[in-house]
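Q: Please take a close look at the charged surface patches of this model. Which residues form them, and what lies around them?

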Amino acid sequence: MKKQDLPQDESNLKSANMTEVLYVTDENDNYTTANSVGWEAKKLALNESLDLINERIQEARQNVADHIASPIIYFMELNKMDLGVLSSYVGMWQWRVKRHAKPKIFKTLSESVLKKYADAFGISVDELKNFDGK
């Protein structure tokens, strides 16, 4: 793509004061980089992804409210993490984090374990313990 043809359509990148670096060709057909705030196809794909993420967050919130999952699941989704990422942040095996996602087990966790999760999510232990999904 030629540098002068690089689309600059409004997207979520612009609203966040971000740009994407792309490789383009200049007037001499040499490769160079240029910044773009997005284009229509990328905007649609990004919006679709964000909608799916928001659905997962709302589903996790409802599961906490219905006592199906512990607050760990909600904050994991809110922070766009998966079990592998969260387990590495808290320094525990994935099976153990998955076990802590059960409300019954979550209620028995020690303050030190809860602190690891709270630190990973950037919240206080009280916020984590008292989140009820409502």
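**Charged patches and their surroundings**

A: Start with the chain as a whole. In this predicted model, residues 24 or more positions apart account for 46% of the contacts in the protein chain with a separation of 6 or more. The secondary structure comes to eight helices and two strands. From the N terminus on, the order is α-β-β-α-α-α-α-α-α-α. The protein chain has 134 residues, and buried residues make up 36% of them. About 8,900 Å² of the protein chain is exposed. Carbon and sulfur atoms supply 51% of that area.

Now the positive patch. R96, K98, R99, K102 and K116 form this patch on the surface. Helix α5, residues 94–100, gives the largest share, three residues. R96 lies in this helix. Its relative accessible area is 34%, so R96 counts as partly exposed. That value also fits patch membership, because patch residues need over 30% relative accessible area.

Helix α5 also holds H100. Here the relative accessible area is 3%, so H100 is buried; the cut-off for buried is under 20%. Its contacts, leaving aside neighbours within four places in sequence, are S70, I72, M92, I105, F106, L109, V113 and Y117. Helix α5 thus carries both the partly exposed R96 and the buried H100.

Next, the negative patch. E48, D51, E55 and E59 form this one, also on the surface. E55 is found in helix α2, which spans residues 40–65. E55 has 51% relative accessibility, so it counts as exposed; the cut-off for exposed is over 50%.

E59, another member of the negative patch, leads on to Y74. The two are 15 residues apart in sequence. In space, their C-alpha atoms are 8.4 Å apart. Y74 is found in helix α3, residues 71–78. At 6% relative accessibility, Y74 is buried. Not counting residues up to four places away in sequence, Y74 touches I57, A60, R61, V64 and F131.

To sum up the two patches: the positive one is formed by R96, K98, R99, K102 and K116, and the negative one by E48, D51, E55 and E59. Among the residues looked at here, R96 is partly exposed and E55 is exposed. H100 is buried, and Y74 is buried.

Terms used: Residues are numbered from 1 along each chain as its sequence is written. This is a predicted model: local features need pLDDT of at least 70, side-chain atom pairs count only at pLDDT 80 or more; totals for chains, interfaces and linings use all residues. Side-chain values use heavy atoms; hydrogens and water are left out. Patches are made of residues with over 30% relative accessible area and no salt bridge: like charges are joined within 9 Å, nonpolar side chains (Val, Leu, Ile, Met, Phe, Trp, Tyr) within 5 Å. Accessible areas come from the Shrake-Rupley method with a 1.4 Å probe; for residues, only the protein chains shown count as cover. A salt bridge is a side-chain nitrogen of Lys or Arg within 4 Å of a carboxyl oxygen of Asp or Glu. Lys and Arg count as positive and Asp and Glu as negative; His and the chain ends are not counted. The place of a charge is taken as NZ of Lys, CZ of Arg, CG of Asp or CD of Glu. Helices (H or I, at least four residues) and strands (E, at least two) are DSSP runs, numbered from the N terminus. Buried means under 20% relative accessible area, exposed over 50%, partly exposed in between (1.4 Å probe, protein chains only). Contact means heavy atoms within 4.5 Å.
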